[in-house]
Amino acid sequence: MSAVSSQTGTVDFVFIFIISISVFFLLLITFLMVFFIFKYNKNRNQKPKDIHGNTALEIAWTVIPTILVLFMFYFGWKGFEFLRKAPSDAMVVNVTGRMWSWGFEYQNGAKVDTLHVPVNKPVKLVLNSQDVIHSFYVPAFRVKEDAVPGMQNHLWFEANETGNYDVLCAEYCGLRHSYMLTKIKVVPEEDFNDWYADIGKQVIKTASGETTVDQNDSVPPVADGERLAKIHGCFSCHSTDGSKLVGPSLKGVFGHQVTVITDGKEREITADDEYIRRSILKPAADVVKGFDPIMPSQEGQLTEEELVALIQYIKGLK
């Protein structure tokens, strides 16, 4: 069976090597324990006698385990070195972890919630976190690395087979930690290039302070707002059908009175454009009564056009 990624074979070899040695010594020690119980049973040895040391045996059980541990260290170190050094020609993708979703940003500015990569192409993921420690984990590829607030981390992989592979968070990060799931879609390079060109046309780009939308202006603001809400993990905490999750539902919020906690005091406020904007950029300013202030600020995460599109989408959820 071929390895699904370049890392799979390296990691599996080290694990199998260590487990094989461990199982061998478990069986050997268990056998010797049982053997000595019978060999030195009281009925067989009525008169106790001293047993003198065996120099050769003592040297053997010191040297052999030392050599085996050194082999374990060597293979483990070489595997770790391989996993940490991404090839210079690797495709770079920025990954953002937040409660409770993963976001991916390509070098052309495209943002998605499902990672698309070409087969047989090294991919370097630059990991960041918006709130707490998360851990990007792809079991099939045997790669896992923490996303830590305030610092950048990285990992890389090269998928050898097309298909869809699960991405999980391996660090407990709060109430909906187990829902922090997405996929890596590995496709032929030609298919990836077509997808990459197409998704690039839908990007809202910012250059020199001026913002432009897709050249064909083909993405309606509301539709683009829904896409952005999905990409930025809004639906992990907020429903659109009126049900309560970790955060209040977005359905019908616009134009209605909302009870919020501001500076420790309860007050009524109308959910207008300014309120929605402030809730996105400064969520701790007015916290809806009955909910915890756990939403991270989206300042610096959204362009002005993206923010407007997101507000328009929320306004449309009647």
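Which residues have the most contacts inside the largest nonpolar core? They are L115, L125, F136, F141, F157 and I184, in a core of 36 residues. A nonpolar core here is a set of buried Ala, Val, Leu, Ile, Met, Phe, Trp, Tyr and Cys residues joined through side-chain atoms within 4.5 Å; buried means under 20% relative accessible area, exposed over 50%, and partly exposed in between (1.4 Å probe, protein chains only).

A word on the model: it is predicted, local features need pLDDT of at least 70, side-chain atom pairs count only at pLDDT 80 or more, and totals for chains, interfaces and linings use all residues. Residues are numbered from 1 along each chain as its sequence is written, and side-chain values use heavy atoms, with hydrogens and water left out.

Take L125 from that core: beyond its neighbours within four places in sequence, L125 is in contact (heavy atoms within 4.5 Å) with V93, V95, L115, F136, N153, H154, L155 and F157. Apart from this core lies another, of 21 residues, including V258, F291, L310 and L317.

F136 also leads us to the strands. Strands (E, at least two residues) are DSSP runs numbered from the N terminus, and two of them pair if DSSP finds at least two bridges between them.

| Strands | Sense | Bridges | Opposite residues |
|---|---|---|---|
| β6 (residues 134-138) and β9 (residues 163-169) | antiparallel | 2 bridges | F136 and C169 |
| β9 and β10 (residues 182-187) | antiparallel | 5 bridges | N164 and K185 |

The loop between β9 and β10 holds G174. G174 is buried because its relative accessible area is 16%. From G174 to W100 is 8.3 Å, C-alpha to C-alpha, though they are 74 residues apart in sequence.

Terms used
Helices (H or I, at least four residues) and strands (E, at least two) are DSSP runs, numbered from the N terminus.
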